[in-house]
Each structure stands twice: as structure tokens, then as C-alpha cells.
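Please work through the exercises below with the sequence and the three-dimensional view open beside you. Each task is followed by a solution that goes step by step.

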Amino acid sequence: MAGEKENGKSPPAARPGNVALSTLAKAHLECIAGPDKGKTLRVAPGTTTIGRDPGCDIVLSETAVSRHHCRIERRAEQWYLRNLSSNGTLLNKKPADDVLLADGDEIRVGAKTRLRFAIESVTLSSTGRPQFRRRTGAPEEGEAPDEAAEEAQETKPSLFQRRKGVFIGLGIYLAAMVVIGAVVGYYKVIGPGKVGGGEVPIMGMDDAVRPEPGATPLLIVRDDSQGPWVQDLKGVRLIPATDLQSGKAVRIIGIRQAIDVKFLEIKKAPHGYPYTIDEVNPTVGKQCEKQALELYRVRNLPDKQAALFGSVRLFQKALAYNGGRGYFEDSSVDRVYRLALDELIQTIARLYGNAVGPEEKSDPKRAVETYDRILKMLPELRNPINLNVSSRRAAVQARIPDSK
């Protein structure tokens with residue numbers, strides 16, 4: 001019984017004569033648990049990024065889900081799941097890094113969200129058009145029109161065919177505007193910012209590599225002994241470590257990574273920066289957790305500018321003392337930690353943007369005041385954010401008349 005085998009997740013039998021089956025196959029995700037339960041999410045033909053960030057292809061609402069948690073890649077005729085989060089991704093209740101996906105697989109992200117991966121196969125109608133159906137045999141919503149209706153529809157020119165020249169001209173104009181806007185935006189926001197006596201790279205949200213002066217930073221995927229793997233619109237490529245040593249490629253530490261303890265430990269930061277814990281001690285971890293909650297409650301008081309950052313660091317220290325896992329077993333504590341972490345990242349990113357704007361508009365006093373607010377919020381002197389902000393502040397301060 002073919003239907004029973006398919007429901008039992010046995011591989012479906014090949015459809016005779018349908019050579020386009022694997023090429024035209026589609027996939028989607030069904031959210032079976034979590035805040036987004038009941039939603040059906042389409043998987044893109046190439047790469048689909050999943051996370052909380054609004055820029056992801058599939059945006060999930062659970063706070064325990066990372067901003068860029070995982071992604072699904074279409075390689076040749078198969079789909080693969082790749083983890084992007086330090087909190088990990090589970091496939092069928094097992095940790096997944098870069099694994100092959102099959103129809104019916106269950107993906108777990110965050111604390112509660114579970115997604116079922118479903119592959120849709122395609123059959124060809126008598127007119128040669130693809131008709132997509134789920135592998136379970138369930139028909140698509142609505143039946144395909146009969147041949148007579150299709151032929152009648154084909155004889156009538158579409159709006160695009162009647163106004164083809166207008167649409168093409170409009171498309172070329174919009175494409176040109178997008179390119180011009182991207183170039184202007186890059187030099188205002190992403191491009192190198194020359195302040196005072198030299199260039200101080202403008203930080204982004206994520207760790208990046210600028211391969212040469214003036215080039216758009218590339219998102220780092222992972223590191224190895226040769227150098228960092230980075231990703232751009234053309235795919236993934238390797239930046240040699242020698243380019244970083246010679247200065248041909250410049251590494252830009254992102255705000256998100258500079259606050260992440262695991263990131264700092266991976267980069268072999270000096271001992272104690274912000275700390276290195278080799279001992280599992282739940283008692284000390286509980287004390288750190290309690291202090292973190294107390295600091296979070298007073299973060300908005302006038303003389304507690306550094307309370308939010310201190311709260312996040314104590315939460316991370318508590319996790320380290322509890323064995324290094326990436327979440328708290330108490331869901332209420334874990335929720336406060338996620339809120340504090342997001343609030344800290346977003347606040348620093350907002351203040352940083354508020355300082356860079358006046359700096360470029362020749363309002364150095366306002367820029368210096370905003371940079372000072374960031375330094376008070378994040379007093380960790382060797383943190384990449386503190387180092388970057390201090391450099392920018394000093395360069396801007398030198399442009400203020402009568403400044404010492």
C-alpha cells in the first residue's frame with residue numbers, strides 16, 4: 001500500500017516518466033508546537049534563514065529562538081539543515097549541525113517551537129504544467145481548470161503582455177534607484193568612517209570581515225586554522241589568515257558577538273576576560289542568578305547605567321557555573337535573561353547609530369555625549385565595543401575647538 005508506506009516515512013516510489021519530479025519538488029514547514037503553532041511556512045528554493053530577526057526568511061516569535069537560529073539549504077536535489085545558533089538546533093531530538101533533511105523530520109528551535117519539515121512532490125498535467133501535491137496525496141486547495149478553460153485563458157493576452165514595454169521600463173528605473181540607494185546607504189552607514197586622524201571601522205550587529213578598503217563587510221560563518229569562512233551574496237568563500245595579518249582583510253567585531261561570552265572564549269580571549277570558568281558549581285551559579293535578577297530590576301535608575309550589562313554578564317556567569325549550557329531550566333529566569341540580552345544589544349546598537357549620525361553631520365559634541373553614554377553602560381575596558389567607542393570618541397573629541 002503506497003499511501004501507508006508514505007505515512008510511515010518510507011521513501012516514495014519513483015513516478016514513471018516524471019523526470020522533473022526532484023527538480024520541481026518544493027518544501028514547507030508546519031509549526032506543530034510553540035507560539036507560532038498552526039502556521040505553515042514556505043521554504044525557499046535556495047536558502048531559507050530561520051530566526052527571530054525581522055530580516056530572516058522565516059520569522060519566529062518565541063524569545064528563546066536566536067535572531068539567526070538555523071537555515072535550510074537546497075543542494076542539488078536535497079535539503080540540508082544547518083545550525084547557526086550557540087543554543088543549538090535539534091533534528092528528531094538530536095543535535096544537528098549540517099544534516100540531510102527528510103520528509104516528516106521534526107526540527108526543534110528555542111525552548112518550545114517545533115517545526116515539521118514536509119516535501120511536496122509534483123506531477124505534470126496533460127498540458128505539461130506542474131501540479132504540486134503533498135506526498136501524503138492531499139490535493140492542493142482548489143482543482144486545476146479543465147483544458148478548454150486553460151486554452152481560452154491562454155488566448156487572452158495578460159496585462160503584462162499588453163503593457164510589457166511599460167513594465168520593463170519601470171523595472172529598469174526601480175533597479176537603478178535601488179542600486180543608487182544601496183551605494184549611498186553603504187557610504188553613510190556601512191562604509192569606512194574617517195574621523196580625525198584615521199579610519200575607525202563602524203561596528204555592525206554581527207562579526208564581519210572587510211576584504212579590502214571600501215568593500216562591504218561579509219558575515220562570518222565559522223573559523224578554522226586557515227582563516228574565517230565568510231558569506232556574501234555569491235555564497236561562502238575563505239578569507240586567508242595571512243590577509244588578516246597583513247591588513248588586506250580587516251575583521252570587524254559585531255555588537256552581538258562582543259556581548260556573547262562563548263564568542264570571546266572561542267577567540268581565545270585573555271584569562272578572565274570577561275571570565276574563564278572551568279568549575280561546575282551550582283551553588284555559586286544560583287548566587288550569580290539572584291544578583292543578575294536584582295540588577296535587572298534597577299537597570300533604569302539614574303545611577304545604574306551599567307546595571308543592564310552587569311545583569312547580562314552575571315546571567316552568563318551563572319550559566320557557566322551550571323555546566324555551560326545555553327539556557328536556564330527555570331523558564332521565568334530564562335525569559336528575563338533573554339529580555340536583558342536583547343535589551344542590551346538593541347540599546348547599544350541604537351545609541352551607536354545615534355552617535356555616528358551627528359558625527360558625520362559635523363556635530364561632534366552631540367556624538368561625544370552619546371559615546372559617553374555607551375561607555376557608562378558597558379564599562380568592560382577590553383570589550384571590542386568599549387575599545388571601538390573609545391577610539392571613535394577620541395577622534396571626534398579632537399575636532400571640537402578648544403578641546404584638550
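The exercises that follow concern a predicted model.

**Exercise 1. Find how many aromatic pairs the whole structure holds, and describe the geometry of the pair formed by Phe 328 and Tyr 337.**

Step 1. A search of the whole structure gives 5 aromatic pairs.

Step 2. In the pair formed by Phe 328 and Tyr 337, the ring centres are 5.8 Å apart and the planes make an angle of 80 degrees; because planes over 60 degrees apart count as edge-to-face, this pair is edge-to-face.

Step 3. Phe 328 has a relative accessible area of 5% and is buried, and Tyr 337, at 7%, counts as buried too.

Step 4. Phe 328 and Tyr 337 also belong to one aromatic cluster with Phe 315.

**Exercise 2. Work out which helices are tied together by the pair of Tyr 352 and Tyr 371.**

Step 1. The rings of Tyr 352 and Tyr 371 are 6.2 Å apart from centre to centre, with 70 degrees between their planes, and the pair is edge-to-face.

Step 2. Tyr 352 lies in helix α11 (residues 331-360), while Tyr 371 lies in helix α12 (residues 364-377), so the pair ties together parts that are 19 residues apart in sequence.

Step 3. Tyr 352 is buried, at a relative accessible area of 3%, and Tyr 371 is buried, at 0%.

**Exercise 3. Identify the rings over which Arg 74 and Arg 75 lie.**

Step 1. Arg 74 places its charged end over the ring of Trp 79, at 4.3 Å from the ring centre.

Step 2. Arg 75 lies over the face of Tyr 80, and here the distance to the ring centre is 4.4 Å.

**Exercise 4. Compare the expected span of helix α10 with the distance between its end C-alpha atoms, and then decide how enclosed the helix is.**

Step 1. Helix α10 covers residues 307-321, and its 15 residues, at 1.5 Å a residue, should span 21 Å.

Step 2. The end C-alpha atoms of α10 are 21 Å apart, which agrees with the expected span.

Step 3. Since 14 of the 15 residues of α10 are buried, this helix is largely enclosed by the rest of the structure.

Step 4. After α10 comes Gly 323, which has a positive phi, near 115 degrees.

**Exercise 5. Decide whether Arg 338 and Leu 387 are buried or partly exposed, and list what each one touches beyond four places in sequence.**

Step 1. Arg 338 is found in helix α11 and, with 9% relative accessibility, counts as buried.

Step 2. Beyond its neighbours within four places in sequence, Arg 338 is in contact with Thr 63, Ala 64, Asn 87, Gly 326 and Tyr 327.

Step 3. Leu 387 is placed in helix α13 (residues 384-397) and, with 47% relative accessibility, counts as partly exposed.

Step 4. When residues up to four places away in sequence are not counted, Leu 387 touches Leu 381 and Arg 382.

**Exercise 6. Determine which residues touch the most other members of the largest nonpolar core, and which element gives that core its largest share.**

Step 1. The largest nonpolar core has 40 residues, of which Ile 259, Ile 348, Tyr 371 and Ile 385 touch the most other members.

Step 2. Among the elements that give two or more residues to this core are α7, α9 and α10, and the largest share, 12 residues, comes from α11.

Step 3. Ile 385 touches several residues more than four places away in sequence, including Met 203, Ile 259 and Ile 348.

Step 4. A second, separate core has 22 residues, among them Leu 29 and Ile 107.

Technical notes
Residues are numbered from 1 along each chain as its sequence is written. This is a predicted model: local features need pLDDT of at least 70, side-chain atom pairs count only at pLDDT 80 or more; totals for chains, interfaces and linings use all residues. Side-chain values use heavy atoms; hydrogens and water are left out. Rings of Phe, Tyr and Trp (its six-membered ring) pair if their centres lie within 6.5 Å; planes under 30 degrees apart count as stacked, over 60 as edge-to-face and the rest as tilted. Buried means under 20% relative accessible area, exposed over 50%, partly exposed in between (1.4 Å probe, protein chains only). Helices (H or I, at least four residues) and strands (E, at least two) are DSSP runs, numbered from the N terminus. A charge sits over a ring if NZ of Lys or CZ of Arg is within 6 Å of the ring centre and within 35 degrees of the ring normal. The expected span of a helix is 1.5 Å times one less than its number of residues. Contact means heavy atoms within 4.5 Å. A nonpolar core is a set of buried Ala, Val, Leu, Ile, Met, Phe, Trp, Tyr and Cys residues joined through side-chain atoms within 4.5 Å.
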